[in-house]
Amino acid sequence: MHISLAAEKIGTLFGWPLTNTVVTFWIAIVLILFVAVFVRLTLKLIPGGLQNVFELLIEGLLGIATLVFGTEKEARRYFPFLATFFVAILVTNWMGLLPGYGSIGFREVADGQAVFVPLLRSTSADLNTTLAYALISVGSVQYFGIRSMGAGTYFNKFFNFKGPINFFVGLLEFISEFTKVISFSFRLFGNVFAGEVLLMVIAFLVPVVATVPFLGLELFVGAIQALVFFMLTAVFIKLAITAH
């Protein structure tokens, strides 16, 4: 049994290293686009099975966003951005639980030892991916805040020289923006990677039967992590566009 903290390199593309998590993300993008186009082209006034699922999902997420932003009009303004995070994280988390992920691959020799390299791996089990999510989320929060209140008003909460207390509070606000990146990336990475390791250990010790309840647990965790990312990003955007 081989556990690697970093994503494994499976080849190169135009001179750039190609990892198994990158391949997984490309597959997820194609799958999401295919399903989205299919649902869009088959929309009906009286929805069917798959359309019902998507309408229920969108209405539920929009309802949560409305609670955060206060009005549905304000929530709809940021909903496409927030929902993209949720769908991408949910799909890639659940894809990582499919048969073949982590078990289909090849062996290569490293430091004189044969090491198994899986062809596919959950993208959230790669810190590079979760860090990219975090940077996009926190960076967009700053953009929305500046667009809503103006650069001068927005940055005044970080660099306020009207008194020592205001300066200290602004400094804490500024530091907190960096801690958001750390907490976002490591929370998602830690939960998904720990789940992968747990499933691998259970499958190694007691194959097939014992893994079923843990698969159910990881389905739940994968959905919760996507929802947490969605909600926290919504809350941070709301704080950024609200005058203190």
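A cavity here is a set of grid points where a 1.4 Å probe fits but cannot get out. With that in mind, let us walk through this predicted model, beginning with its enclosed spaces and then turning to two residues, Ser-124 and Thr-92.

Rolling a probe the size of a water molecule over the atoms shows where empty space is left. Searching the whole structure in this way turns up two cavities of 30 Å³ or more. The largest cavity has a volume of about 100 Å³, while the second largest holds about 30 Å³ of space.

Which residues line the largest cavity? If you would like to select them in your viewer, they are Asn-93, Gly-96, Leu-97, Ser-122, Asn-191, Val-192, Gly-195, Glu-196, Leu-199, Glu-218, Val-221 and Gly-222. Helices α6 (164-205) and α7 (211-241) each supply at least two residues of this lining, and α6 gives the most, with five residues. By character, the lining divides into four nonpolar, six polar and two charged residues; Gly is counted among the polar ones.

Now move to the second largest cavity, where Phe-184, Arg-187, Leu-188, Gln-225, Val-228 and Phe-229 form the lining. Here too, α6 and α7 each supply at least two residues. The lining of this second cavity consists of four nonpolar residues, one polar and one charged.

Next, find Ser-124, in the loop between β4 (113-118) and α4 (127-149). Is this loop residue buried or exposed? Ser-124 has a relative accessible area of 0%, so it counts as buried. Looking beyond residues up to four places away in sequence, you will see that Ser-124 touches Thr-92, Asn-93, Thr-130, Tyr-133, Leu-188, Phe-189 and Val-192. Some of these names should be familiar by now: Asn-93 and Val-192 belong to the lining of the largest cavity, and Leu-188 to that of the second largest.

From Ser-124, step across to its contact partner Thr-92, which lies in helix α3 (residues 72-95). Thr-92 is buried because its relative accessibility is 1%, and the cut-off for buried is under 20%. A polar atom of the Thr-92 side chain lies 2.7 Å from the backbone oxygen of Ala-88. Setting aside neighbours within four places in sequence, Thr-92 is in contact with Phe-25, Ala-28, Ser-122, Thr-123, Ser-124 and Tyr-133. Tyr-133 is also touched by Ser-124, and Ser-122 brings us back to the lining of the largest cavity.

How values were computed. Residues numbered from 1 in each chain as written. Predicted model: local features only at pLDDT ≥ 70, side-chain atom pairs only at ≥ 80, totals over all residues. Heavy atoms only, no water. Helix = DSSP H or I, 4+ residues; strand = E, 2+ residues; numbered from the N terminus. Buried < 20%, exposed > 50% of the residue type's maximum accessible area, 1.4 Å probe, protein only. Contact = heavy atoms within 4.5 Å. Polar contact = N/O pair within 3.5 Å; in protein donor to acceptor, adjacent residues only side chain to side chain. 1 Å grid on protein atoms, 1.4 Å probe; cavity = no way out; pocket = protein on both sides within 12 Å on 5 of 7 lines; lining within 4 Å. Points joined across faces, edges and corners; volume = space filled by probe spheres on them.
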